[in-house]
There are 2 protein chains.
Amino acid sequence: VTNQMPTEWLKGLQDRICAGLVALDGSQFAEDLWEREGGGGGCTRILTGGDLFEKAGVNFAEVHGELPADFAAELPGVGRQFRATGVSLVLHPLSPMVPTVHANVRCIRKGDVMWFGGGMDLTPYYAYAEDAAHFHTHLKSVCDGFDASWYARFKPWCDNYFYLPHRDEARGIGGIFFDYVGVAKADLGESVQQRNPMALDTVVPVDRAEAFMKAVGDAFLGAYVPIAERRMNEPWTERERQFQLLRRGRYVEFNLLYDRGTQFGLRTGGRTESILMSLPALVRWEYAHTPEPGSREAELSDFLTARDWAEG
Amino acid sequence: VTNQMPTEWLKGLQDRICAGLVALDGSQFAEDLWEREGGGGGCTRILTGGDLFEKAGVNFAEVHGELPADFAAELPGVGRQFRATGVSLVLHPLSPMVPTVHANVRCIRKGDVMWFGGGMDLTPYYAYAEDAAHFHTHLKSVCDGFDASWYARFKPWCDNYFYLPHRDEARGIGGIFFDYVGVAKADLGESVQQRNPMALDTVVPVDRAEAFMKAVGDAFLGAYVPIAERRMNEPWTERERQFQLLRRGRYVEFNLLYDRGTQFGLRTGGRTESILMSLPALVRWEYAHTPEPGSREAELSDFLTARDWAEG
């Protein structure tokens, strides 16, 4: 059993993902290296104004230090010292036909306990069932390689997490989301258990948990790139662009109202620009917008209803 | 001493403010009447695509029912039954030379206790000291008509409230903000006291508290319209428009991350569209944007530093 954090591997993942996205878009990422006052730092890469991506952010961070007492009390492991490392990304394409995507993988150590989390979810603006099927089938095959029961846990966990109660709407067509892999659910604090009812009941050995996190990170390009390639040359109109800008408002609402990483990061002195790189370049809000019945825009709300997308 | 809520007066205020804004803009408001499941309802008025206002929302609501137990425990007055009525507005002009403005006045009754709150604050995109001076001088004169010490409390209360800690930035040049007028600070729960250190130490009689709320509501047009009139014909460029869209991002960040009314409303089944009418029509986020040194855009951050704006 190793207790080394997979920091170098995660840096390599950021490189590989960025290389894949550059190959797809043709534009380059700009890079910011930054340090965190409390300990550690990161590397934020942003591509803007590309042919495919209006704004794409891929962040690597390795931070450590002391957690606020109330937050530390909720997490497994003794004491308040923590170390966290991860890669997170949000890609906002220019074309409304290409879905927005979010992914992250992370490893956290506190005291003598280490656990892994992450996942990815897809937010389309127009309904393409074959894209949703590809995304979920790809993720299911990654999960199935580890445990035949995991996809059935991590898929609804994602649906539950990326949900906007004030709209009674899903953020997108989901994907997978997992956390605390490496810790048994019974060893999580009560409030963490309540917020994460799908957490694994058993302790997954560190090596296996780490291998799963790596497999999810490595699966990102295969899950997303074929969808982007399929949709990037579809024609789109100004009407469709305006609908995309409006739907991006829901993305902003989710990230600022509910996303735990965003809220925790901003409230505990994280690097604001690296946290808010997830926000789209251009967003529109319109009072009480309702798509025309029967239109492709109206089709979306039904499409976003959680369902079983994976094949096989 | 009356224990009637000033519901009809507030409806009239909404009418008078809307009439003033229509006279200024030339366009009309659309109106939505709505009912609240738990009790009460409201009237939301929205003007979009006007010559002056890209999006202007003026909301009246009169709601009642039972508060969630944890929230009720924090507030003065026995029991969980409450009744609240108020007018709130946010105006987003099209021109970056005309500031965004927010105002609200409200009356809340719980058990045998009734109190008043409200205020208004101005969010300019370009620095015009005379506008800030007019806005504050006008509000100070309203406060001074009641108590010579009130402006000195309600002005910093506003500065403290409309502040974005993750940016270390004020939302705008402030104004006044007050709450719990009619209740002594010592009678507020501990957490409410902590969040509202400027609350009045004394019980203001209901008639007087109500008169103050009405005076603030009546002061809105006089505080804002002269500024809008002065700036609405200033020329502006696409560069200035883009800067406005970027700064609007800060408005969205404040409302979704920190605004208590927004968070409470959305989490307790308020009418989403009436709550989020405060969001601008079009918003832009750019990673790590920094205005050119010496530019008018660079001037803004210094301009937004809290200072003594009122004259006389």
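This is a short walk through a predicted model, with a suggestion at each stop for what to select.

**Stop 1: the two chains together**

Start by colouring chain A and chain B separately and turning the view until you see where they meet. The contact draws 31 residues from chain B and 31 residues from chain A. Between them, the two chains bury about 2,700 Å², and 61% of that area lies on carbon and sulfur atoms.

Now show side chains at the interface. Two kinds of link can be picked out here: 2 salt bridges run across between chain B and chain A, and 13 residue pairs are in polar contact, both partners at pLDDT 80 or more. For one salt bridge, select Arg167(A) and Glu273(B): their side chains come together at 2.8 Å, N to O.

**Stop 2: the chain B side of the contact**

Hide chain A for a moment and look at the side of chain B that touches it. Which elements of chain B each supply at least two residues to this side? They are strand E2 (40-48), helix H7 (238-257), helix H8 (260-267), helix H9 (272-275) and strand E10 (282-284). Select H7(B) next, as it gives the largest share, 5 residues. If you colour this side of chain B by residue type, you should find 17 nonpolar, 5 polar and 9 charged residues.

**Stop 3: a strand pair across the chains**

Bring chain A back and select residues 282-284 in both chains. Strand E10 of chain A pairs with E10(B) in the antiparallel sense, over 3 bridges. Click on Val283(A) and you will find that its bridge partner in E10(B) is Val283(B).

Stay on the chain A strand and pick Arg284(A), which belongs to E10 of that chain. Is Arg284(A) buried or exposed? Its relative accessibility is 15%, so Arg284(A) counts as buried. Show what surrounds it: beyond its neighbours within four places in sequence, Arg284(A) contacts Gln242(A), Phe243(A), Leu245(A), Leu246(A) and Gly249(A), along with Ala281(B) and Leu282(B) from the other chain. The side chain of Arg284(A) also makes a polar contact of 2.9 Å with that of Glu286(A). For a distance to try in the viewer, the C-alpha atoms of Arg284(A) and Arg248(A) lie 7.3 Å apart, although 36 residues separate them along the chain.

**Stop 4: three strands in chain B**

Move to chain B and select residues 81-93, 100-110 and 113-123. The middle selection, strand E5, is largely enclosed by the rest of the structure, because 10 of its 11 residues are buried.

On one pairing, E4(B) and E5(B) run antiparallel over 10 bridges and form a hairpin with 6 residues between them. To see one bridge, pick Ser88(B), whose partner in E5(B) is Asn104(B).

On the other pairing, 11 bridges join E5(B) to E6(B), again antiparallel. Here His102(B) is bridged to Asp121(B) in E6(B). This hairpin has 2 residues between its strands, and Gly111(B) in the turn has a positive phi of about 55°.

**Stop 5: a threonine in chain A**

Finish in chain A with Thr85(A), in strand E4 (residues 81-93). Thr85(A) has a relative accessible area of 2%, so it is buried. Setting aside residues up to four places away in sequence, its contacts include Met5(A), Leu10(A), Phe60(A) and Cys107(A). Where does its side chain reach a backbone oxygen? Look at Ala61(A), at 3.1 Å. Lastly, Ile108(A) is 23 residues away in sequence, yet its C-alpha is 6.6 Å from that of Thr85(A).

How values were computed
Residues numbered from 1 in each chain as written. Chains lettered and ligands numbered in written order. Predicted model: local features only at pLDDT ≥ 70, side-chain atom pairs only at ≥ 80, totals over all residues. Heavy atoms only, no water. Contact = heavy atoms within 4.5 Å. Buried area = accessible area lost by both parts, 1.4 Å probe. Salt bridge = Lys/Arg side-chain N within 4 Å of Asp/Glu carboxyl O. Polar contact = N/O pair within 3.5 Å; in protein donor to acceptor, adjacent residues only side chain to side chain. Helix = DSSP H or I, 4+ residues; strand = E, 2+ residues; numbered from the N terminus. Nonpolar A, V, L, I, M, F, W, Y, C, P; charged D, E, K, R; others polar. Pairing = 2+ DSSP bridges. Buried < 20%, exposed > 50% of the residue type's maximum accessible area, 1.4 Å probe, protein only.
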